[in-house]
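Colleague: I'd like to learn how to read empty space inside a protein, and then a helix. Can you walk me through it?

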Amino acid sequence: MPTNASPMTTPNPLQTKREGLTVIRDSSRIKAKLLRLFRSNSPVGMRISGKRSFTNSWVIFMARGGSTYLIERVPEDEVHQQLAPGTVIECTAGIDGGKATWESRISIVREAEEAIPPSPPGSKKTDERPPIAYVMTVPASMSYIQRRDYFRAKPSLKQGAVGEIKRGAEPIDKIDLFDLSLNGVGYFCNVRVSDFKLEAGDKLTNTVTLQNLKATFLSEIVWVEHKKYGVGIRFGCKITKADGANKDALSRIVTKIQLDQLADENERGYRL
């Protein structure tokens with residue numbers, strides 16, 4: 001059945017400033033971002049408005065200046081059966097180095113071949129297309145999370161930095177630390193999308209350990225990005241609370257990750 005939910009809540013100005021959010025309402029800018037998303041072939045996280053679980057798909061066609069765009073059929077049959085015309089879909093994707101979220105309504109569910117003109121003779125593009133696609137309305141607004149302002153360190157496997165998180169008293173398993181800065185942290189969770197338990201807005205307790213250094217702090221998830229084929233999720237958090245000792249430990253961890261990597265480059269003969 002179609003889900004006729006109210007639009008996603010627009011962040012208030014204080015929240016926008018605190019989280020680094022920009023709310024875009026200019027139609028031409030929104031269309032330009034969707035066009036770049038189509039050209040980049042990056043995944044789009046989708047869920048029916050008001051539901052908790054995300055699935056994954058791709059923008060398969062976006063005409064310059066168009067009022068609609070096409071999204072590939074989702075892989076899960078039980079989800080596809082709920083995606084009828086009129087269904088409101090919450091979407092999230094990485095665009096232009098930031099995280100964008102928006103709402104679109106399905107206007108038509110149709111054959112992809114009917115919606116996309118065939119490739120011209122001699123074209124290198126293939127005419128193979130998924131049998132079903134969703135024609136989506138261009139959203140009236142899009143929330144865009146800018147990159148973190150602080151330097152981000154990406155620990156290597158060799159360095160062995162470990163991230164542990166809990167939501168309340170519940171530990172979250174299969175977590176790898178992806179990157180770290182003084183105001184945010186990124187993780188990768190190696191589970192199927194259907195098994196992922198977290199979503200934007202969840203509050204976490206974090207512990208990051210590197211050799212004899214340990215920092216514990218509170219954070220809030222601000223974006224979630226799903227990987228292709230529904231396996232693996234990246235998500236980013238803003239640090240909301242850390243005392244003086246843990247801030248100092250966090251700073252030392254970020255610095256050590258960077259210095260160790262620079263030392264490795266020097267040993268391999270690179271020039272700074």
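Modeller: Start with the lining: Arg52, Ser53, Phe54, Val193, Phe196, Lys197, Leu198 and His226 surround the largest cavity. A cavity here is a set of points on a 1 Å grid over the protein atoms alone, where a 1.4 Å probe fits but cannot get out, and lining residues have an atom within 4 Å of a point. Keep in mind that this is a predicted model, where local features need pLDDT of at least 70, side-chain atom pairs count only at pLDDT 80 or more, and totals for chains, interfaces and linings use all residues. Residues are numbered from 1 along each chain as its sequence is written, and side-chain values use heavy atoms, with hydrogens and water left out.

Colleague: How much space lies in the largest cavity?

Modeller: The general idea: rolling a probe the size of a water molecule over the atoms shows where empty space is left. Here the largest cavity holds about 60 Å³, and a search of the whole structure turns up one cavity of 30 Å³ or more. Volume means the space filled by probe spheres set on the grid points, which are joined across faces, edges and corners.

Colleague: Okay, now the helix. Which residues in α2 are buried?

Modeller: An α-helix has 3.6 residues a turn, so residues three or four places apart point the same way. In α2 (residues 27-40; helices are DSSP runs of H or I, at least four residues, numbered from the N terminus), the buried ones are Ile30, Lys31, Lys33, Leu34, Leu35 and Leu37, with buried meaning under 20% relative accessible area (1.4 Å probe, protein chains only). Just after α2, asparagine 41 takes a positive phi of about 60°.

Note on methods:
1 Å grid on protein atoms, 1.4 Å probe; cavity = no way out; pocket = protein on both sides within 12 Å on 5 of 7 lines; lining within 4 Å. Helix = DSSP H or I, 4+ residues; strand = E, 2+ residues; numbered from the N terminus. Expected span 1.5 Å × (residues − 1). Buried < 20%, exposed > 50% of the residue type's maximum accessible area, 1.4 Å probe, protein only.
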